[in-house]
Protein chains: 2
Amino acid sequence: MATGRTHRPATRSRGIPEATVARLPLYLRALTALSERSVPTVSSEELAAAAGVNSAKLRKDFSYLGSYGTRGVGYDVEYLVYQISRELGLTQDWPVVIVGIGNLGAALANYGGFASRGFRVAALIDADPGMAGKPVAGIPVQHTDELEKIIQDDGVSIGVIATPAGAAQQVCDRLVAAGVTSILNFAPTVLNVPEGVDVRKVDLSIELQILAFHEQRKAGEEAGAGADGAVPPVAARKQPHSTDQGPDGDVPAVMPA
Amino acid sequence: MATGRTHRPATRSRGIPEATVARLPLYLRALTALSERSVPTVSSEELAAAAGVNSAKLRKDFSYLGSYGTRGVGYDVEYLVYQISRELGLTQDWPVVIVGIGNLGAALANYGGFASRGFRVAALIDADPGMAGKPVAGIPVQHTDELEKIIQDDGVSIGVIATPAGAAQQVCDRLVAAGVTSILNFAPTVLNVPEGVDVRKVDLSIELQILAFHEQRKAGEEAGAGADGAVPPVAARKQPHSTDQGPDGDVPAVMPA
DNA sequence: CCATCTTTGTGCACGCGTTCACAAAGACAT
DNA sequence: ATGTCTTTGTGAACGCGTGCACAAAGATGG
């Protein structure tokens with residue numbers, strides 16, 4: 001899920017399927033844990049269990065990277081950690097800017113997982129002048145005016161948007177104009193970006209709604225399909241539905257963001 | 001993607017494909033925006049543009065819900081908002097507990113998107129006794145000891161885990177034992193859950209790593225495959241690779257095929 | 001009532017991703 | 001060396017998701 005521009009043939013470039021790329025970080029995490037415990041080698045079965053996937057899938061995934069295993073033995077942990085890191089581009093470190101230092105932005109800035117794996121918080125940016133200079137996670141917040149300068153000076157190519165939905169597209173446009181080509185979007189909006197820019201989104205309420213769907217399904221299965229007393233739709237606009245199946249009714253209980 | 005237990009045949013229940021379910025919240029958001037502007041009807045083309053998807057895909061998605069459109073006209077906005085809300089189970093509201101009130105947990109508690117769309121924060125829970133009673137987002141934090149009682153009293157079926165990775169599995173086990181059947185996991189760990197429990201994960205560093213991969217690919221495409229001076233791996237464990245195909249240190253070729 | 005025009009709903013084909021199942025490859029013991 | 005045993009790497013089949021392209025449905029105007 002989640003690349004904004006799904007139009008591209010995706011993995012046309014150089015073999016590795018998108019689905020595999022999405023799992024590599026998972027394998028890497030499991031391997032790193034093994035490495036810390038000084039485990040020398042691991043079989044596809046063990047590693048798959050640790051990563052929560054099927055072992056056949058894991059082997060096929062690795063086969064796209066090359067033949068890094070040894071039959072009858074398994075995979076060399078250290079070697080594989082390096083190979084995957086390199087494939088993911090984690091041998092260099094990536095400066096990242098976080099825009100929007102509210103609750104979420106601050107949480108992200110404090111998140112340890114950044115620095116540990118090839119990512120470095122190059123700057124924290126917020127539109128509120130009152131925030132300027134105030135340190136968050138040891139880094140002073142800078143004003144939006146500085147955005148372009150920071151990106152160009154530090155060669156930032158990855159931006160994280162943690163602003164309110166209303167500001168997201170505008171921030172996105174400025175990031176892209178300044179040279180950012182990869183964006184991680186936490187704002188609940190669809191971002192419009194030009195060709196060549198990758199967008200991934202993380203959306204809280206979408207995840208919750210998907211869970212709610214399954215939850216409802218579970219609940220509805222055991223209970224017989226009783227006529228649930230759901231109020232019929234408002235049908236405020238009756239026009240297209242001349243054949244109104246619901247006479248009265250009132251507003252759906254859903255509200256905006 | 002990202003349901004922990006992918007084993008289930010997924011959509012076996014009642015038609016609606018998983019991929020479609022994942023997009024419904026997107027449509028709902030776009031429709032809600034239209035509703036606020038009092039737009040009466042919308043065509044699949046317009047709505048698809050607003051949601052950032054293909055119009056054919058949108059129509060097919062809606063076809064799984066039923067025939068709610070009117071040919072030659074489009075879809076009734078209010079009606080569709082209601083239908084999707086009902087399908088997603090948002091006409092009832094879901095009590096949610098958030099476990100782990102650190103930076104991220106606090107951010108989640110403050111996130112407006114929760115309350116607005118059928119979700120209600122039933123409780124904030126943290127293991128630190130010092131946090132107990134302290135209000136976050138207007139809700140007093142409660143100690144982990146209360147977890148089981150809260151879940152049972154409020155009939156909570158959805159839990160959000162925002163703890164450090166080390167505590168996540170343990171918290172998860174307690175949530176499940178107490179009756180939670182859907183979990184949204186922000187901790188960077190694979191959660192093990194019994195059959196029937198849904199897990200969705202949101203993982204920062206994985207998203208960033210995927211972006212890094214594509215970023216590296218973009219950079220590597222324009223620049224010719226110059227011998228990048230990447231330091232070869234430690235290769236601490238040489239054993240399994242006794243048959244070194246290279247005279248010197250095994251240089252990882254940038255790409256297999 | 002008929003013709004035309006718009007937009008939905010869907011049959012169909014295609015490609016990606018997943019899984020099975022097995023042959024090949026190497027380790028290890030004798 | 002040779003045989004056995006373990007585990008990888010992958011060919012092939014299958015199913016899901018996507019997008020095209022078009023017929024059917026209804027609106028609208030004469």
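This report walks through a predicted model with two DNA strands, looking at the DNA surfaces, one helix and the salt bridges.

Some ground rules come first. Residues are numbered from 1 along each chain as its sequence is written, while chains are lettered from A, and ligands numbered from 1, in the order in which they are written. Because the model is predicted, local features need pLDDT of at least 70 and side-chain atom pairs count only at pLDDT 80 or more, though totals for chains, interfaces and linings use all residues; side-chain values use heavy atoms, with hydrogens and water left out.

**The DNA surfaces**

Let's start with DNA strand C. There are 24 residues around this strand, and R23(A), R71(A), S44(B), R71(B) and Y75(B) come nearest. "Near" here means that a heavy atom of the residue lies within 4 Å of the strand. Of the strand C atoms that come within 4 Å of the protein, sugar and phosphate make up 65%. By class, the surface near strand C has six nonpolar, 10 polar and eight charged residues. For these classes, Ala, Val, Leu, Ile, Met, Phe, Trp, Tyr, Cys and Pro count as nonpolar, Asp, Glu, Lys and Arg as charged, and the others, Gly among them, as polar.

DNA strand D also has 24 residues around it, with S44(A), Y75(A), K57(B), K60(B) and R71(B) coming nearest. Sugar and phosphate account for 63% of the strand D atoms that come within 4 Å of the protein. The surface near strand D divides into seven nonpolar, nine polar and eight charged residues.

The table picks out some side-chain polar contacts with the DNA (a polar contact is a pair of N or O atoms within 3.5 Å; within protein, one must be able to donate a hydrogen and the other to accept it, and residues adjacent in sequence count only if both atoms are side-chain atoms).

| Residue | DNA strand | DNA atom | Distance |
|---|---|---|---|
| R71(A) | strand C | base nitrogen | 2.7 Å |
| K60(B) | strand C | base oxygen | 3.2 Å |
| R71(B) | strand C | sugar or linking oxygen | 2.9 Å |
| R59(A) | strand D | base nitrogen | 2.9 Å |
| Y75(A) | strand D | phosphate oxygen | 2.6 Å |
| R23(B) | strand D | phosphate oxygen | 2.9 Å |

Which elements give two or more residues to the surface near strand D? They are α3, β2 (69–70) and β3 (74–76) of chain A, together with α1 and α3 of chain B. Helices (H or I, at least four residues) and strands (E, at least two) are DSSP runs, numbered from the N terminus. The largest share of that surface, four residues, comes from α3(B).

**Around α1 of chain B**

G15(B) sits in the segment before α1 (18–36) of chain B. At a relative accessible area of 48%, G15(B) is partly exposed; the cut-offs are under 20% for buried and over 50% for exposed, with partly exposed in between (1.4 Å probe, protein chains only). G15(B) and Y64(B) are 49 residues apart in sequence, yet their C-alpha atoms are 6.9 Å apart.

The 19 residues of α1(B) should span 27 Å at 1.5 Å a residue, and the 28 Å between its end C-alpha atoms agrees with that. The expected span is 1.5 Å times one less than the number of residues. There is a bend of about 25° in α1(B) at L24(B), and a proline, P25(B), follows within four residues. The bend is the angle between axes fitted to the seven residues ending at a residue and the seven starting there. Just after α1(B), S38(B) takes a positive phi of about 60°.

**Salt bridges**

Over all chains, the count comes to 14 salt bridges, each being a side-chain nitrogen of Lys or Arg within 4 Å of a carboxyl oxygen of Asp or Glu. One pairs R200(A) with E207(B) at 2.4 Å, N to O. R200(A) is in strand β10 (residues 198–201) of chain A and E207(B) in helix α9 (residues 204–222) of chain B, so this pair joins two chains. Both R200(A) and E207(B) are buried.

Other pairs stay within a helix. K218(A) bridges to E215(A), with the closest N and O atoms 3.5 Å apart. The two are three residues apart in helix α9 (residues 204–222) of chain A, about one helical turn. E215(A) counts as buried, at 7% relative accessibility. In chain B, D153(B) and K149(B) meet at 2.7 Å, N to O. They are four residues apart in helix α7 (residues 147–154), again about one turn. D153(B) counts as exposed, at 53% relative accessibility. An α-helix has 3.6 residues a turn, so residues three or four places apart point the same way.

Finally, D198(A), E215(B) and K218(B) are linked in a network of salt bridges.
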